[in-house]
Amino acid sequence: MSQPRYRAAIVGTGGIAAAHAQALSEHRARARLTAVVDLDEVRARTFAEAWDAPTVAPDLTTLLASGDVDLVHLCTPPSTHAPLALECLRAGVNVILEKPPTLSLAELDTLAEASRTSGAHVATVFQHRFGAGAVRLRAMAAAGELGRPLLATCETLWFRDAAYFEVPWRGRWETEGGGPTMGHGIHQFDLLLSVLGPWEQVTAVAARRDRDVDTEDVSMALVTFADGTVASVVNSVISPRQVSALRFDFSHATVELSHLYGYTDADWTITPAPGHAAVAARWAESPSTVESGHGGQLAAVLDALDDGTPPPVTIEETRQTMEFAAAVYASAFTGAPVRAGQIGPDSPFAARMDGAGAPWQAVRSR
């Protein structure tokens, strides 16, 4: 039996690491989990045993020096993403990076430069782009089958209690980068952007309404796209009835998605406009029961590596989403609309998502 082409390592064995390990197991003919790294050696060994990984490395530096890895899955807390990814890139090793990919646009730009220099790639985990429904929606929209995009709504209404924020790095600008705009809603509005294309202007508000955190616990944005489409984006961790919902109103149909952490075709609804019943039949032509998740994106990453092309979601695509997040904070904290490209390298919102500081008092001890 031939060996898989790609030797993969998981760095950080917290909750999301299992999704990466499961994705690798789904593609074991092409990639194999060969090493695990975690600050807690006992936890690392337990994880490695559970997922049949033969090696537990003491740290990333040792792993990279061994030359026995082709692809590193970074599943560590957000503040460690940039330095660890940079170490991988300098070693010429490709990286799959959990969200939020970095704490700031400046950190992301540093990774982009390192990638250009080394030739190694960074793929950000935005797995909802790769579900069958999203792929179908983008294809039909690009072909003009849905008509002109007119209006969209994007809601990430989740609930995280006080115990959730007892994890030391959560709820702090310095270690999480932001609140639900960065750590929760980013998946949904990344999917929104992947469908509607370049955004042009953001007008936003952000607030800390109920959680004992330094970051926001809710944000809302009005968005204008380059083609004139308008959208609203809401991100929350204070909503008891949880939902992840997107709605796209095209001139020929309304397309809706309602799920929580992953979707199948059953979570999509299409409502044709009068005279466009054929759109619904076209939508139903290629049904899928596969849930959106890390496995779908990993397949696309491996395909790209096989072809010698940058794996999705590329740093350039990631930057559009990260710049949107920065624009939400910049607009919310300055009270002014923010246009695409406005946050230059000298802007405080390039270095930190909260810019010069949030308009409320910090409550967490340092």
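How many aromatic pairs does the structure hold? In this predicted model, there are 12 aromatic pairs. A few of them are described below, after a look at the sheet.

The sheet is a good place to start. It is open and is formed by six strands, arranged in the order β3-β2-β1-β4-β5-β6 with parallel pairing. At the edges stand β3 (55-57) and β6 (122-124); each has a single partner strand, so one side of each is left without a neighbour in the sheet. On average, neighbouring strands of this sheet are turned by 25 degrees against each other, with direction ignored. Within the sheet, strand β1 (residues 6-11) runs parallel to strand β2 (residues 31-37), and six bridges join the two. A reader tracing this pairing can begin at Ile10, whose bridge partner in β2 is Val36. Helix α2 (residues 41-50) lies across β1, β2 and β3, and its direction makes an angle of about 165 degrees with β2.

Next come the aromatic rings. A pair of such rings is described by the distance of the centres and the angle of the planes. Among the 12 aromatic pairs is that of Phe47 and Trp51: the ring centres are 6.4 Å apart and the planes meet at 40 degrees, so the pair is tilted. Phe47 has a relative accessible area of 10% and is therefore buried, whereas Trp51, at 28% relative accessibility, counts as partly exposed. The cut-off behind these two labels is 20%, because buried means under 20% relative accessible area.

Phe189 and Phe324 also form a tilted aromatic pair, with 4.9 Å from centre to centre and 50 degrees between the planes. This pair links distant parts of the chain: Phe189 belongs to helix α9 (residues 186-196) and Phe324 to helix α12 (residues 315-334), and the two are 135 residues apart. Are these two rings buried or exposed? Phe189 counts as buried, at 0% relative accessibility, and Phe324 is buried with a relative accessible area of 0%.

Ring pairs can also be followed from one residue to another. Trp173, Tyr329, Phe333 and Trp360 are linked by ring pairs into a cluster.

Finally, some rings have an arginine over the face. Arg136 lies over the face of Trp283, at 4.8 Å from the ring centre. Arg160 is placed over the face of Tyr164, at 5.4 Å from the ring centre.

Conventions. Residues numbered from 1 in each chain as written. Predicted model: local features only at pLDDT ≥ 70, side-chain atom pairs only at ≥ 80, totals over all residues. Heavy atoms only, no water. Pairing = 2+ DSSP bridges. Helix = DSSP H or I, 4+ residues; strand = E, 2+ residues; numbered from the N terminus. Axes fitted to C-alpha atoms, helices over the stretch in contact; angles between N-to-C directions. Contact = heavy atoms within 4.5 Å. Phe/Tyr/Trp six-rings, centres within 6.5 Å; stacked < 30°, edge-to-face > 60°. Buried < 20%, exposed > 50% of the residue type's maximum accessible area, 1.4 Å probe, protein only. Lys NZ or Arg CZ within 6 Å of the ring centre and 35° of its normal.
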